2 protein chains.
Amino acid sequence: VARLFVESALSEGAAVPLTGDQAHYLGRVMRRAPGDPVRLFNGRDGEWLGRVAALRKSAGEVRVEACARPQGAEPDLWLVFAALKRGPTDFLVEKATEIGVSVLWPMATRRTVVERTKAERLRAIAIEASEQCDRLTVPEIRPFASFDEVMARWPADRRILLCDEQREAAPIAEALARLDGPARAAPWAVMTGPEGGWDPSELDLLRNRPIVTPVALGPRLLRAETAALAALSCWQAQAGDWRSPRSDSVPSR
Amino acid sequence: VARLFVESALSEGAAVPLTGDQAHYLGRVMRRAPGDPVRLFNGRDGEWLGRVAALRKSAGEVRVEACARPQGAEPDLWLVFAALKRGPTDFLVEKATEIGVSVLWPMATRRTVVERTKAERLRAIAIEASEQCDRLTVPEIRPFASFDEVMARWPADRRILLCDEQREAAPIAEALARLDGPARAAPWAVMTGPEGGWDPSELDLLRNRPIVTPVALGPRLLRAETAALAALSCWQAQAGDWRSPRSDSVPSR
């Protein structure tokens, strides 16, 4: 059954309009017709079953029938990353969405070469990944910002798992295993630097903050997007919603 | 300093011929000239410093000077995966190489759509990733085989971390944390199915083998390549060479 993210409110009997892209996808790509079932979610009202009520070339409507899954808590895990080239950034947004991040925040550090990211493009990738992986939300894409802006606006209680290529960082599994109660209950972010590495002044600033936990990811030099996905996976496995069996479709931390 | 994988033996004073691709890369892409330093490794003799001795358009030679890093033990971790389309397979080979697998073995399961993989192409990707990530080896690319062939040739002592989308599998961090001594000492493989999922007969066969540990990767449906990278990262973090700090450049399990 096709699964679509929509902006409209979802409730029994609601008529939900489709965008041109969605109508094209359902009709041309998936070869669906009026009467065919569809699954809808909007990030607020859970997942709903519905049926195609009308379908033209660039418009359409779904009639909502029944709630299939209630909205539930999801991990509060950000990914704050030095922007990469288009290919690796696209890939990172898709994979981080599947792994379960709540916010994606691209930034410019001192050694970041990329000068901007297109929030619209990244949001489209995040929506498609959310549709495919059965999420009930779409991660928020924050506007591109400098490292200094990110740190100036940083929420006081949000902890940072810092991917740190330097030798003094603790191995990631060890760092995650020894988190104490308050650290486990806190919201978190994984933070990764650019291909050229962190500037020493940035690392000094980060390492001196008590909210920052620097971690090491083994003896090889990982590309920035590989490090981000590895750190997110380890966090989810040891501290996030991967700790529950798959049957809990709507887990909470 | 450019870093190249070569087939030749490496020792002080050795003259190592470059392939046409390597000569092109050094001369045209990296703009290097005779006298410039190069790092070389061959998977057997450690890493050596050398200097470009000759460089033409499609040939060249490096004179080996000194050993920079001895060959050491690396994790014995295979990735056995249902072959994916070209883009995701390329991506998986690159990332799995960085994460540190020793063998990549593409296979055809019952529901695998892809009918072959090009071993030469995958090896070229694995070599480039090895050069970039400071590995001292290049992972072996096994020839494409059916699931039945893979299982028929399976080494009796090699354990399998099975990415299992079904609900009865244990969360991955829990499964890795409770491995006993013999299980930790054993060689391992991560095994992933195709986009369409495992056939029930395959899952039955795998789950009935005592060497198989099925694991779950959270409540979302991960794409096959995302699941593979997540499982490899978790294994490395909790049971592999990511347990040592980054300063151990040549760790052993």
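In this report, a residue is called buried under 20% relative accessible area, exposed over 50%, and partly exposed in between, as computed with a 1.4 Å probe on the protein chains only. B:Arg110, for instance, is partly exposed, with a relative accessible area of 45%. The structure is a predicted model, in which local features need pLDDT of at least 70 and side-chain atom pairs count only at pLDDT 80 or more, while totals for chains, interfaces and linings use all residues. Residues are numbered from 1 along each chain as its sequence is written, chains are lettered from A and ligands numbered from 1 in the order in which they are written, and side-chain values use heavy atoms, with hydrogens and water left out.

## Symmetry of the two chains

Chain A is superposed on chain B by a rotation of 180° with 0.0 Å of shift along the axis, at an RMSD of 0.0 Å. The two copies are thus related as by a two-fold rotation axis. This superposition is a least-squares fit on the C-alpha atoms of residues with pLDDT of at least 70 in both copies. Among the residues of chain A, A:Cys234 comes closest to the rotation axis, its C-alpha lying at 2.8 Å. Both copies use the same surface, since 100% of the contact residues of chain A recur in chain B; contact here means heavy atoms within 4.5 Å.

## The interface

The contact draws 44 residues from chain A and 45 residues from chain B. The size of an interface is often given as the accessible area lost when the parts come together. Between chain A and chain B, about 3800 Å² is buried, and carbon and sulfur atoms give 59% of this area. Such a value is the accessible area (1.4 Å probe) that two parts lose on being put together, summed over both.

The rule for salt bridges (a side-chain nitrogen of Lys or Arg within 4 Å of a carboxyl oxygen of Asp or Glu) finds 8 of them across the interface of chain A and chain B. In addition to this count, 18 residue pairs are in polar contact between chain A and chain B, both residues being at pLDDT 80 or more. A polar contact is a pair of N or O atoms within 3.5 Å; within protein, one must be able to donate a hydrogen and the other to accept it, and residues adjacent in sequence count only if both atoms are side-chain atoms.

On the side of chain A that touches chain B, H2, H3, helix H5 (172–177) and helix H8 (224–239) each supply at least two residues. H8(A) gives the most, with 8 residues. Helices (H or I, at least four residues) and strands (E, at least two) are DSSP runs, numbered from the N terminus.

## Selected salt bridges

Over all chains, the count comes to 43 salt bridges. Four of them are listed below.

| Pair | Closest N to O distance |
|---|---|
| A:Glu7 and A:Arg123 | 3.3 Å |
| B:Glu94 and A:Arg223 | 3.4 Å |
| A:Glu225 and B:Lys95 | 2.7 Å |
| B:Arg110 and B:Asp148 | 3.7 Å |

The pair of A:Glu225 and B:Lys95 crosses between chains, from helix H8 of chain A to helix H2 (residues 86–99) of chain B. A:Glu225 is buried at 5% relative accessible area, and B:Lys95 is buried at 2%.

Within chain A, A:Glu7 lies in the loop between S1 and strand S2 (15–18) and A:Arg123 in helix H3, so their salt bridge ties together parts that are 116 residues apart in sequence. A:Glu7 is exposed, with 56% relative accessibility, whereas A:Arg123 is partly exposed at 29%.

Within chain B, B:Arg110 belongs to the loop between strand S7 (103–108) and helix H3 (119–133), and B:Asp148 to helix H4 (residues 147–152), so the pair joins parts 38 residues apart in sequence. B:Asp148 is partly exposed, with a relative accessible area of 45%.

## Helix H3 of chain A

Helix H3 (residues 119–133) of chain A has 15 residues and spans 21 Å from its first C-alpha to its last, close to the 21 Å expected at 1.5 Å a residue. The expected span is 1.5 Å times one less than the number of residues. Buried residues of H3(A) include A:Leu122, A:Ile125, A:Ala129 and A:Cys133. Among the elements that cover the buried residues of H3(A) are strand S1 (2–5), helix H1 (20–29) and strand S3 (37–41) of chain A. A:Asp134, which follows H3(A), has a positive phi, near 75°.
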